[in-house]
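Here are some notes to read alongside the model. Please keep the structure open and find each element as you go.

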Amino acid sequence: MFSIEEVGLDYYIPVSCQEKYKKVAYSSLPLEERIVQLLTINPQFMVKSAIVSDEENYKKLKYNSSVKLIKEKISLEKKLEFFSLSLNVKPHIKEITNGLIYPDVADFLTLLHLNIVFKYINEIYAPGASLRIGSQFNYFRKFSRISQNVAKQMHSISLKFNNIAEDLVGTTNLIDIFDVYEAVEPFKKEFYLKVEGAKFDFLQAEGSMNQIRKSAEYYMNYVVDPDYFPNKEAAWNFCMYHVLDSTAYKTAVVSMFDTSHGLFERFSELIQVETRFQSGSNVKEHQNSIYIAFLPGASTFSFNRLTLRKTSGLWELTTYKQITKAKAKEKFIKQLSHPFFFEETSNG
């Protein structure tokens, strides 16, 4: 076993990839364009996804509105503060993760990448920039079938990963990870009433059921383990409910903006972040938000797959079934009791 730190930053993100951040940061483009390009950069330390063209199309769609939004913010000469609801557990489906649901190297790569991005933004924009990430391990733990203790452990691992990323990159307090469930604890009753109200409002909207069904199909195919349910209908109903609850939860969090409740104070000043690009008919351009590529070049966000290190040194999000097929080896580290990643072998 080895420690995360001892192999160094270049092991996770090759020097050639690191140079791409710097090249964008110190290009001759206007400041607002450099910032947007840093937020959506693909430094190519991941194996190119088959659907990366969809991401590129989405970035093009969002580009002008994102540049306009950042330009308006920097004209005020204030710190750029971004807010995202991200970080979750992997699915229990054996073919996908074999139950290996804890944060792993994909989450660590995400935090390394984000620390590098915000390091350069702070170098080129004097008032600075930061990103707050709300972890959802605890709030959606019942859907993920994990205990509260495991959820807290997952959150703790993410905090540890971010501290190590800061040490490797040389940053401090640019990426802040908080537990949303704990954040709403002081006003839980009010918050859950807002969640229930948001469900009702959402169901009144035109096309809401189509949106729920589309998302439920994703959960059925890639998240829930059908063997956990008595029949397919029960699994489907569970997914439909989770989509509605998840949508309402995000709406409720946003509705807490500018209240006196600590974390949510001043939230109208924060820039909302989209972490997943939308493809096909699901594309919507939100003028008041910005897309950030949390794990650039990957087909999904970090928590949807396990991570394989190719013999080329590039990283790939894949399934446990494919990892087994390739005869990849589990790689453990001193800080964790579960595999940190899998390594491709020459005889795989």
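**Notes on the fold**

1. H2 passes H3 in a right-handed crossing; a crossing is right-handed if the near helix is turned clockwise from the far one by less than a right angle, and left-handed if anticlockwise. Helices here are DSSP runs of H or I with at least four residues, strands are runs of E with at least two, and both are numbered from the N terminus. By class, the contact of these two helices, H2 and H3, has 4 nonpolar, 1 polar and 1 charged residues. Ala, Val, Leu, Ile, Met, Phe, Trp, Tyr, Cys and Pro count as nonpolar, Asp, Glu, Lys and Arg as charged, and the others, Gly among them, as polar.

2. Before going on, a word on where this comes from. This is a predicted model, in which local features need pLDDT of at least 70 and side-chain atom pairs count only at pLDDT 80 or more, while totals for chains, interfaces and linings use all residues. Residues are numbered from 1 along each chain as its sequence is written, and side-chain values use heavy atoms, with hydrogens and water left out.

3. Back to the helix pair. Helix H2 (residues 15-25) packs with helix H3 (residues 31-39) at an angle of about 160°, and their axes are 9 Å apart. That makes H2 roughly antiparallel to H3, a label for angles over 145 degrees (under 35 is roughly parallel, 65 to 115 roughly perpendicular, and the rest oblique). Axes are lines fitted to C-alpha atoms, for helices over the stretch in contact, and angles run from 0 to 180 degrees between N-to-C directions. Look for Tyr-21, Val-24 and Ala-25 in H2, which meet Arg-34, Gln-37 and Leu-38 in H3; contact means heavy atoms within 4.5 Å.

4. Now the whole protein: how many helices and strands does the protein have? There are 12 helices and 9 strands. The C-alpha atoms fill a box of roughly 55 × 50 × 40 Å along the principal axes. The radius of gyration is 20 Å, which agrees with the value near 20 Å for a compact globule of 348 residues. That radius is taken over C-alpha atoms, and the globule rule is 2.2 Å times the number of residues to the power 0.38.

5. One open sheet has 5 strands in the order S3-S2-S1-S4-S5, with parallel pairing; two strands pair if DSSP finds at least two bridges between them. Strands S3 (175-179) and S5 (289-291) stand at the edges with a single partner strand each, so one side of each has no neighbour in the sheet. From one strand to the next, the twist averages 30°.

6. Try tracing the pairs. S1 (residues 80-85) and S2 (residues 129-135) pair in the parallel sense over 6 bridges, and Leu-80 has Ala-129 in S2 as its bridge partner. Helix H7 (residues 148-169) packs on this sheet, touching S2 and S3, and its direction makes about 170° with that of S3. On the other side of the order, 2 bridges join S1 to the parallel strand S4 (residues 271-274), where Phe-83 stands opposite Gln-272.

7. Which strands form the other open sheet, and in what order? The 4 strands run S7-S6-S9-S8, with mixed pairing. S6 (residues 306-309) and S7 pair in the antiparallel sense over 4 bridges, and Leu-308 has Glu-316 in S7 as its bridge partner. Helix H5 (residues 105-124) lies across S6, S7 and S9 (341-343), at about 130° to S7.
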